[in-house]
Amino acid sequence: MDNLNDLKKIWLTAKTDCLPNTDEMVRTMKTYRNRKLLKKAVLTTIAVLLVAFLVVTAVYYTSTMVTTRVGEACMLVAAIILLSSNLNSLKRAYKLKNCTNKEFVEHLQSGQRGRIRFYKKTQFIAFVFISIGLLLYLYEMVYPNLVAGVIIYSVTIIWLLINWLVVRPKAFKRQTRKFNESMEKIEKLSKQF
Amino acid sequence: MTGFEEIYLQYSPQVFRVCMGYINDYEQARDLTQETFIAVWQNLSSFKNQSKISTWIFRIATNNCLKAIEKVKRIPTIELPVNLPELTEGTGQQQQQLTLLYNCIAELEETERIIISLVLEDLPQAEIAAIVGLSDVNTRVKIHRIKEKLSTKFKQHGQFE
């Protein structure tokens, strides 16, 4: 195109003084790193503490019934499933440092598939383990008192039903719509290569 | 001056223009530029010179732009941006031409927007191919087609007759 040089001239007239100067940029990055590190540290600490609490309770609480042990094991499995799945997605995000646009779009596609798999499968399995674990774990505590048992189990079952029948399907529907929209855009991008 | 500061001074205007070409929004282009240099700063020590540093920086910048597709709806191209006076320090005619250029680029597909922005930044074709991830031949063909599209659009708007 004969006019490419004219276009380049126009292109270069764009004002770029809106960008922060180097000092401001370095300051922004230091704050950003501190904030990000802090957030990551807090989240990891909470997750590790919760799992540790579960393990410590299982070790020190002298249960007489096998249901309690099975319940604890189920909840621990659920925690490990969720934690490992989150760690995997973090690992994926850090692995990608120097890749082409084509590889990046492929990475976005597989990431999106992974997220859909998480909502459809991983989260479902973890939630099954949590539900079964909780129901079994409570049994030893409530079985000597029938009234307390009925009340506590009713509340727990209602809470689980609300989660299974209302909260999860609603969140799933919302997430699916979002995922499908993103997936459509990414598929469109991928076709351009 | 540290290595990062030199890199920032040298590449930030180019990265900003490429982001602006892709996103056609002043504020978002500025945010994408900052995100790019945060990633550069974080990974500079692990950069092992497998590619040219400019290739690496433009890969980060354009991948950031592509990632923004999940959040951003495409900017309508018919309307002129409200912040027209901020785009350039040049004359009124230059401002109009720059806005028209951004709007014509915004009508292209995402990868085409990236490729033409890199062409306008005067990057060699081989480097553009290494950034986008297409073969050299494919990149050359694409560049030719995009230039034709852009030229037609500009002519439709009464420029370069």
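In this predicted model, α5 and α6 of chain B pack against each other, with axes that come within 10 Å and cross at roughly 145 degrees. The crossing of α5(B) past α6(B) is right-handed. From α5(B), the contact draws on B:Thr111, B:Ile114, B:Ile115, B:Leu118 and B:Val119. From α6(B) come B:Ile128, B:Ile131 and B:Val132. Sort these residues by class and seven are nonpolar, one is polar and none is charged.

Now step back to the whole of chain B. The chain has seven helices and zero strands. Read from the N terminus, the order of elements is simply α-α-α-α-α-α-α. Of its 161 residues, 42% are buried. How much of the contact set in chain B comes from residues 24 or more positions apart? Taking contacts with a separation of 6 or more, the share is 63%.

Next, the partner. The contact between the chains takes 50 residues from chain B and 33 residues from chain A. On chain B, each of seven helices supplies at least two residues to the side that touches chain A. They are α1 (3-23), α2 (26-43), α3 (53-67), α4 (92-106), α5 (110-120), α6 (125-132) and α7 (136-156). Which helix gives the most to that side? It is α1(B), with eight residues. The chain B side that touches chain A divides into 22 nonpolar, 16 polar and 12 charged residues. Set that beside the contact of α5(B) with α6(B), where no charged residues take part.

How far can each part be trusted? The model scores ipTM 0.84 and pTM 0.78. For chain B, pLDDT averages 84, and 83% of the residues score at least 70. Among the elements of chain B, α5(B) has the highest mean pLDDT, at 95. That is one of the two helices in the crossing described at the start. The lowest mean among the elements belongs to α4(B), at 86.

One stretch of chain B calls for care. Over residues 74-85, pLDDT stays under 50. For this stretch the model has 11 contacts beyond four places in sequence. Where pLDDT is low, the predicted coordinates should not be read in detail.

To retrace the route: chain B is built from seven helices, with no strands. Its α5(B) and α6(B) cross at roughly 145 degrees. Its side that touches chain A takes at least two residues from each of α1 to α7.

Methods: Residues are numbered from 1 along each chain as its sequence is written. Chains are lettered from A and ligands numbered from 1 in the order in which they are written. This is a predicted model: local features need pLDDT of at least 70, side-chain atom pairs count only at pLDDT 80 or more; totals for chains, interfaces and linings use all residues. Two residues are in contact if their C-beta atoms, placed from the backbone, lie within 7 Å. Helices (H or I, at least four residues) and strands (E, at least two) are DSSP runs, numbered from the N terminus. Ala, Val, Leu, Ile, Met, Phe, Trp, Tyr, Cys and Pro count as nonpolar, Asp, Glu, Lys and Arg as charged, and the others, Gly among them, as polar. Axes are lines fitted to C-alpha atoms, for helices over the stretch in contact, and angles run from 0 to 180 degrees between N-to-C directions. A crossing is left-handed if the near helix is turned anticlockwise from the far one by less than a right angle, and right-handed if clockwise. pLDDT is the predictor's confidence in each residue, from 0 to 100. A residue is buried if 20 or more other C-beta atoms lie within 10 Å of its own, exposed if 12 or fewer, and partly exposed in between; C-beta atoms are placed from the backbone.
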